[in-house]
Amino acid sequence: IICSRIHPTSSIYNGFCASMIATTDVPLRFMSLIPDENGVNQTLMTYQTQNEQTEKFLKLHCLEFLDSTTFATGSHKLISIFDVNRANPLLEFKSKAGITSCITKTDNEFSTANGFYTGSFSNKIQLFDTSGEVLQSVSLRSGNGITQLLESSNGKYIYVVSRNSNKIDILDIRMGLKQICQLDGFSSGNQRLKGDVLPNSQGLV
């Protein structure tokens with residue numbers, strides 16, 4: 001598995017629990033995480049992720065649900081937006097940032113509604129709207145590839161987690177993603193490390 005994301009409405013209490021799963025050399029799959037009576041996890045949907053010229057499946061490095069019905073995927077110089085119930089993408093657009101390594105939807109009053117941020121292994125962060133237009137773009141000097149973008153609980157900042165870095169960069173959304181400080185006490189190698197934002201502005205874990 002290269003990347004996966006659990007559907008935002010998943011719950012063991014409502015009987016629906018599913019995840020988008022991307023692996024190598026097979027289509028992107030939307031799979032139930034609750035086995036059927038035969039103990040099999042059923043594939044609910046597959047998606048068109050082949051290169052039309054080479055017929056090879058794209059290597060999806062990241063994916064993110066934008067809401068309960070749409071999601072975005074990132075690969076080499078390409079970002080795609082899908083409807084959960086449709087096999088073919090609703091929209092595809094080129095990215096000049098190289099390999100898109102992470103996607104984070106915007107969820108604050110300071111940036112475009114229904115937009116999303118992307119990070120890349122070339123250390124570039126971009127803010128897109130759902131039509132594919134780049135609204136903001138910044139490049140960072142620290143680290144060797146962005147692995148995660150986390151929005152603060154108050155919606156004012158973006159925490160940037162990178163490979164081969166001993167700091168977490170903090171960008172101010174209200175100031176056009178300007179870097180305002182860095183968090184020390186962090187160390188990452190070449191692997192992808194993940195974090196999460198604690199509620200009520202308690203920090204990161």
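Start with the whole surface: the protein chain exposes about 10,900 Å², and carbon and sulfur atoms supply 46% of that area. Keep in mind that this is a predicted model.

**Stop 1: the whole chain**

Switch to a cartoon view. You will find 16 strands and zero helices in the protein chain. Now zoom out. Along the principal axes, the C-alpha atoms fill a box of roughly 50 × 45 × 35 Å.

How does the radius of gyration of the protein chain agree with that of a compact globule? For 205 residues, a compact globule would have a value near 17 Å; the chain has 17 Å, so the two agree.

Colour by burial next. Of the 205 residues, 43% count as buried. Then think about contacts with a separation of 6 or more. Residues 24 or more positions apart account for 34% of them.

Select the charged side chains. The protein chain has 18 positive and 18 negative charges. The mean positions of these two sets are 10 Å apart.

**Stop 2: the aromatic rings**

Show the aromatic side chains. A search of the whole structure finds seven aromatic pairs. Select Tyr47 and Phe71, which form one of them. The pair is edge-to-face, with 5.2 Å from centre to centre and 80 degrees between the planes.

Where do the two partners sit? Tyr47 is in strand β4 (residues 43-47), and Phe71 is in strand β6 (residues 70-83). They are 24 residues apart, so the pair links distant parts of the chain. Both Tyr47 and Phe71 are buried.

Keep Phe71 and add Phe82. Their ring centres are 5.1 Å apart and their planes are at 5 degrees, so this pair is stacked. Is Phe71 buried or exposed? Phe71 is buried, because its relative accessible area is 0% and the cut-off for buried is under 20%. Phe82 has a relative accessible area of 1% and is buried.

Now add Phe65 to the selection. Ring pairs link Tyr47, Phe65, Phe71 and Phe82 into a cluster.

**Stop 3: Lys77**

Stay on strand β6 and select Lys77. Look at the backbone here. Phi of Lys77 is near 60 degrees, a positive value in a residue other than glycine. How does Lys77 count for exposure? With 43% relative accessibility, Lys77 counts as partly exposed.

**Stop 4: Val26 and Leu177**

Move to the loop between β2 (18-22) and β3 (28-32), where Val26 is found. Its relative accessible area is 31%, so Val26 is partly exposed. Show what touches Val26. Leaving aside its neighbours within four places in sequence, Val26 is in contact with Thr49 and Phe57.

Now draw a distance line from Val26 to Leu177. Their C-alpha atoms are separated by 36 Å, and their positions lie 151 residues apart along the chain as a separation.

Follow the line to its other end. Leu177 is in the loop between β13 (168-172) and β14 (178-183). Is Leu177 buried or exposed? Leu177 counts as buried, because its relative accessibility is 3%. Check the backbone too. Leu177 is not a glycine, yet its phi is positive, at about 65 degrees.

**Stop 5: Gln126**

Select strand β9 (residues 124-128) and pick out Gln126. Gln126 has a relative accessible area of 7%, so Gln126 is buried. Which residues is Gln126 in contact with, leaving aside its neighbours within four places in sequence? They are Ser95, Ala97, Phe116, Tyr117, Thr118, Val134, Gln136 and Ser137. Show them as sticks around Gln126.

**Stop 6: Leu149**

Finish at strand β11 (residues 146-151), where Leu149 lies. At 3% relative accessibility, Leu149 counts as buried. Show its contacts, again leaving aside neighbours within four places in sequence. Leu149 is in contact with Cys102, Thr104, Tyr117, Thr118, Gly119, Ile125, Ile158, Tyr159 and Val160. Tyr117 and Thr118 were on the Gln126 list, and they are on the Leu149 list as well.

Draw one last distance line, from Leu149 to Lys96. The two are 18 Å apart in space, C-alpha to C-alpha, and 53 residues apart in sequence.

Definitions and conventions. Residues are numbered from 1 along each chain as its sequence is written. This is a predicted model: local features need pLDDT of at least 70, side-chain atom pairs count only at pLDDT 80 or more; totals for chains, interfaces and linings use all residues. Side-chain values use heavy atoms; hydrogens and water are left out. Helices (H or I, at least four residues) and strands (E, at least two) are DSSP runs, numbered from the N terminus. The radius of gyration is taken over C-alpha atoms; the globule rule is 2.2 Å times the number of residues to the power 0.38. Buried means under 20% relative accessible area, exposed over 50%, partly exposed in between (1.4 Å probe, protein chains only). Contact means heavy atoms within 4.5 Å. Accessible areas come from the Shrake-Rupley method with a 1.4 Å probe; for residues, only the protein chains shown count as cover. Lys and Arg count as positive and Asp and Glu as negative; His and the chain ends are not counted. The place of a charge is taken as NZ of Lys, CZ of Arg, CG of Asp or CD of Glu. Rings of Phe, Tyr and Trp (its six-membered ring) pair if their centres lie within 6.5 Å; planes under 30 degrees apart count as stacked, over 60 as edge-to-face and the rest as tilted.
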